[in-house]
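This briefing introduces the structure shown below. It covers enclosed space and the surroundings of the ligands, topic by topic.

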Amino acid sequence: MSFTNRVFAGIKPSGDLHLGNYLGAIKRFVPLQETHECIYCVVDMHAITVWQDPKILAQSTREVAAAYLAAGIDAKKHIIFNQSQVAGHAELAWIFNCVARMGWMQRMTQFKDKAGKNAQNVSLGLFAYPSLMAADILLYKATHVPVGEDQKQHLELTRDIAAKFNNDFEKDFFPLPEPIITGAATRVMSLRDGTKKMSKSESSSLATIYMLDDEDAIAKKIKKARTDPEPLPQNFDDLENRLEAKNLVSIYAALADISPQEVLNQYGGEGFGVFKPALAQLAVEKLAPMNKEMRRYLDDKAQIDEILKDGANRAREIAKTTMKQVKDIVGFIS
Ligand code: AMP
Ligand code: TRP
């Protein structure tokens, strides 16, 4: 069976969006609009796998939608919506809970990292999370999924679930979706500790550049980023053991749409006294206009809610066809 070239990707409204979300995901969603039919989701059902204050969740959902729009996603040509408005996600996830094996889920490193020593006390939803993610993607029979490096294992599980469903029920029903993990910054690290991923839960406010940071905050955080005393080398390979320096060079490359080696062709031999101001200027130049645009969208909640509703209506139509077929295949009367 042949499948339409379709992209699906999601971001959780579970805190403030940061530079990792932008460079690892959102920025790369934009050019795919030229070649694929794209569905960009705000995955609010994933967010509640850990506690979310209901008063804040709706606003965080709008913030992710505003970031999609500000980055240049066309909500008319493509689809932007929030997951909980389309019931098919939960329905298909249940069926996938009965396809996926316990052993597969227990291997998920993100669960192990997030649950830590607290594994008995986290929600059942957090454990089942990758099965819902597989449902998100396969509900639309998406063929391509742009994500950051940290989601690679979840994509492999999605493929395993699709393959087992096809094998158990009907050959070639679901595509085996391909991850798209490209660019210079598929794993942006904390500005204070090059061994830690930049994340929404980082404790030091200097460690993370947020998409809603103003120009001064962006510049200050880059200026205060941890580095080492050596100048930048000529070759990117020589940054292997200099994690913080490697991270800043990768961020520069991703923002400027060039390779990390090209950054070093320009800045090799320079110290951070030269490189940091250049990076700060570039970051402000690229991020500040988007920040302004996000705030403009966020000023008009009704407009965002309308865009999400319209997107959900169109997503539901695609989902309906898949769910009808899945129910027939599984033996549910509908
Ligand atoms: P999340 O915030 O966990 O919903 O992640 C949304 C998207 O951002 C996913 O595609 C992640 O892989 C990506 N992402 C999150 N943190 C980073 C990071 N530090 N570097 C690169 N990509 C990231
Ligand atoms: N699990 C992803 C993350 O934490 C978010 C996500 C949920 C997603 N469903 C998805 C990403 C489907 C891509 C496709 O980053």
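**Cavity and ligand sites**

The structure holds one cavity of 30 Å³ or more. The model is a predicted one. Two ligands are described after the cavity, and the space taken by ligand 1 is the largest pocket, as is the space taken by ligand 2.

**The largest cavity**

- About 40 Å³ of space lies in the largest cavity.
- Its lining is made up of Gln 110, Phe 111, Lys 114, Leu 126, Tyr 129, Pro 130 and His 154.
- Two helices, α6 (109–115) and α7 (124–138), each supply at least two residues of that lining.
- Sorted by class, the lining has four nonpolar residues, two polar residues and one charged residue.

**Ligand 1: surroundings**

- Ligand 1 is surrounded by 18 residues, and the closest are Lys 12, Gly 148, Asp 150, Val 188 and Lys 200.
- Helix α1 (residues 19–29) contributes the largest share of this shell, with four residues.
- The shell around ligand 1 divides into six nonpolar, seven polar and five charged residues.

**Ligand 1: polar contacts and cover**

- Asp 150 places a polar side-chain atom 2.4 Å from an oxygen atom of ligand 1.
- The side chain of Lys 200 has an N or O atom 2.6 Å from an oxygen atom of ligand 1.
- At Val 188 the contact is made by the backbone: a polar backbone atom is 2.8 Å from a nitrogen atom of ligand 1.
- On its own, ligand 1 has 480 Å² of accessible area, and the protein covers 93% of it.

**Ligand 2: surroundings**

- There are 13 residues around ligand 2, and those that come nearest are Lys 12, Tyr 129, Met 133, Asp 136 and Gln 151.
- Strand β1 (6–11) and helix α7 each supply at least two residues of this shell.
- With four residues, α7 gives the most to the shell around ligand 2.
- By class, the shell around ligand 2 has eight nonpolar, three polar and two charged residues.

**Ligand 2: polar contacts and cover**

- A polar side-chain atom of Tyr 129, a residue that also lines the largest cavity, lies 2.7 Å from an oxygen atom of ligand 2.
- Lys 12, listed among the closest residues to ligand 1, has a side-chain N or O atom 2.8 Å from an oxygen atom of ligand 2.
- In the side chain of Gln 151, an N or O atom is 3.0 Å from a nitrogen atom of ligand 2.
- Ligand 2 exposes 360 Å² when taken alone, and the protein buries 92% of that.

Notes. Residues numbered from 1 in each chain as written. Chains lettered and ligands numbered in written order. Predicted model: local features only at pLDDT ≥ 70, side-chain atom pairs only at ≥ 80, totals over all residues. Heavy atoms only, no water. 1 Å grid on protein atoms, 1.4 Å probe; cavity = no way out; pocket = protein on both sides within 12 Å on 5 of 7 lines; lining within 4 Å. Points joined across faces, edges and corners; volume = space filled by probe spheres on them. Nonpolar A, V, L, I, M, F, W, Y, C, P; charged D, E, K, R; others polar. Near = heavy atom within 4 Å. Polar contact = N/O pair within 3.5 Å; in protein donor to acceptor, adjacent residues only side chain to side chain. Areas by Shrake-Rupley, 256 points an atom, 1.4 Å probe, with all protein chains shown as cover. Sits in = over half its atoms within 2 Å of the grid points.
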